[in-house]
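Subject: Structure handover and notes

Dear colleague,

Here is the structure that I promised to hand over, with the sequence alongside. Please open it before reading on, as my notes follow it residue by residue in places.

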Amino acid sequence: MADIAPSNRLWKSFKRNKLALAGLIYIGITVITAVLGYLITPDQTPQANNMTIQLSIKKPGSVFTMLRVRKNSPVEEVNWFKKMLYGQPDEYSNVPITGYRFVKDSIIADEYIGDEDKPEKIAYNIFDVVNGSGITFNNKGIVNKPAITNNIKNAYTVKNTQDQIIRYQIVKRKYWLGTDLYGRDLLSRVVLGARISLAVGLVSVIISLLVGVLVGAAAGYYGGWIDTALSWVMNVLWALPTLLLVIAISFALGKGLWQIFIAVGISMWVDVARLVRGQVMGLKQFEFIEAARALGFKNYRIISRHILPNIAGPIFVLASSNFASAILLEAGLSFLGFGAQPPTPTWGGMIKEHYGYIIMDAAYLAVLPGLAIMLMVYAFNLVTIGLRDAFDIKSENTRI
């Protein structure tokens with residue numbers, strides 16, 4: 001009977017750890033949610049930045065009636081792929097109302113301004129509501145110069161326009177997780193915040209692996225003055241607090257998302273390099289490496305084909321651990337103002353905006369993004385433990 005492939009043995013061993021498997025499933029669901037992004041969020045505008053100041057700090061589950069008034073300037077409708085990546089600008093302005101009535105060619109709305117018992121009366125021309133301002137019409141209600149979309153097609157009469165408004169432009173909107181300080185949908189921003197955290201984690205881990213494996217393999221394999229010089233650099237960087245190092249790099253590169261990718265990635269390569277160096281130093285003494293040298297294989301081939309595949313387990317374990325660390329670092333930088341800049345939704349930035357409400361009756365504004373950070377980091381730590389057990393790696397060997 002044929003032996004089970006190493007990858008199958010690894011997967012079977014990993015599955016036996018139910019907590020690690022649950023962590024992996026949670027990460028997978030979060031990744032799918034983050035990738036779909038704007039396609040599944042209630043607020044599909046870029047950065048989920050559709051502000052309705054009147055709805056500032058509303059409780060989870062709040063429902064409001066909205067009058068959707070078409071904007072004057074045209075808005076380009078993007079395809080589903082661009083919408084998934086960047087969002088779709090809203091062609092309507094959303095006005096929260098508590099009631100309305102039609103008077104000839106006008107709609108009189110009771111605009112919600114924070115108190116349902118004291119609304120503010122506001123009037124709109126019904127043709128402006130449907131088509132934007134600048135529309136002319138005669139006394140019979142027929143549009144003379146229709147700057148009109150296909151939404152109402154040929155129904156230009158007052159009655160049909162009123163029906164159009166009632167059917168399509170007076171809608172109920174539910175805020176499942178409530179609204180933030182600026183009246184933005186909190187659920188949408190939490191979902192998009194996952195995209196930022198996962199992106200920073202992925203890119204940072206890739207950068208740290210590329211630099212760390214290269215430096216660590218060179219130091220461990222060649223030894224001598226190369227090992228001395230590279231080890232000195234690693235020890236100096238190892239002695240610096242990670243967060244302070246990332247802040248210093250951010251100061252040098254400037255504020256922004258790509259700067260965070262580079263800063264976090266550069267700060268984490270030392271862990272990888274120290275691990276790879278120790279593993280390579282132990283493995284290069286084995287007989288199969290000596291045999292490869294005797295056969296005349298080049299050092300590059302020995303390292304890439306014979307050494308690195310045999311230390312992939314510890315590297316994967318450390319990469320999973322570093323992913324969690326990168327998420328925490330990004331959240332910390334965003335909280336301090338060095339991360340992605342507003343209005344980009346980040347979990348750390350959302351905590352910064354609302355941490356003052358923790359002692360009030362709106363603690364959920366900071367607790368929800370904090371809970372999202374905690375669950376994601378915990379999931380990656382569970383996966384790290386599962387990988388360590390599956391590769392049969394002693395915990396003390398994951399940091400050399």
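Below is what was found in it, beginning with confidence and ending with some backbone details.

Please bear in mind that this is a predicted model, in which local features need pLDDT of at least 70 and side-chain atom pairs count only at pLDDT 80 or more, while totals for chains, interfaces and linings use all residues. Residues are numbered from 1 along each chain as its sequence is written, and side-chain values use heavy atoms, with hydrogens and water left out.

Confidence

The mean pLDDT (the predictor's confidence in each residue, from 0 to 100) is 87 for the protein, and 90% of its residues reach 70 or more. Among the elements, where helices (H or I, at least four residues) and strands (E, at least two) are DSSP runs numbered from the N terminus, α2 has the highest mean pLDDT, 96, and α8 the lowest, 82. Over residues 134-155 the pLDDT is below 50, and this stretch has 38 contacts in the model beyond near neighbours in sequence, a contact being heavy atoms within 4.5 Å. The pLDDT is also below 50 over residues 395-400, a stretch with twelve contacts beyond near neighbours in sequence.

The nonpolar cores

A nonpolar core is here a set of buried Ala, Val, Leu, Ile, Met, Phe, Trp, Tyr and Cys residues joined through side-chain atoms within 4.5 Å, with buried meaning under 20% relative accessible area, exposed over 50% and partly exposed in between (1.4 Å probe, protein chains only). The largest such core has 46 residues, and those with the most contacts inside it are Val 264, Leu 333, Trp 347, Met 376 and Phe 380. At least two residues of this core come from each of α2 (18-36), α6, α8 (242-253), α9, α12 (312-336), α13 (347-354) and α14 (364-390), and α14 supplies the largest share, eleven residues. A second, separate core has 16 residues, including Val 276, Val 280, Ile 303 and Ile 307.

Is α13 largely enclosed or open? Six of its eight residues are buried, so α13 is largely enclosed by the rest of the structure. The buried ones are Trp 347, Gly 348, Gly 349, Met 350, Ile 351 and His 354, and they pack against α6, α12 and α14. Not counting residues up to four places away in sequence, Trp 347 touches Val 190, Gly 193, Ala 194, Ser 197, Pro 369, Ala 372, Ile 373 and Met 376.

Ile 311, in the loop between α11 (299-307) and α12, is buried, with a relative accessible area of 2%. Leaving aside neighbours within four places in sequence, Ile 311 is in contact with Val 276, Gln 279, Val 280 and Leu 283. Towards the start of the chain, Ser 13 sits in helix α1 (residues 6-15) and counts as buried at 18% relative accessibility; with the same neighbours left aside, Ser 13 is in contact with Asp 389 and Ala 390.

The second largest pocket

Pockets were sought on a 1 Å grid over the protein atoms alone, a pocket being an open set of points where a 1.4 Å probe fits, with protein on both sides within 12 Å along at least five of seven lines, and lining residues having an atom within 4 Å of a point. The second largest pocket holds about 380 Å³ of space, a volume being the space filled by probe spheres set on the grid points, which are joined across faces, edges and corners. Of its 15 lining residues, the closest to the centre are Gln 47, Leu 85, Arg 195, Ile 196 and Leu 257. At least two lining residues come from each of α3 (80-86), α6 (186-222) and α9 (257-283), and α6 gives the most, with five. The lining divides into twelve nonpolar, two polar and one charged residue, where Ala, Val, Leu, Ile, Met, Phe, Trp, Tyr, Cys and Pro count as nonpolar, Asp, Glu, Lys and Arg as charged, and the others, Gly among them, as polar.

Backbone details

Gln 47, in the loop between α2 and β1 (62-70), has a positive phi of about 65 degrees although it is not a glycine, and is partly exposed, with a relative accessible area of 27%. Ala 48, also not a glycine, has a positive phi of about 50 degrees, yet is buried, with a relative accessible area of 0%. Finally, a cis peptide bond with omega of about 10 degrees joins Pro 342 and Pro 343, and Pro 343 is placed in the loop between α12 and α13.

With best wishes
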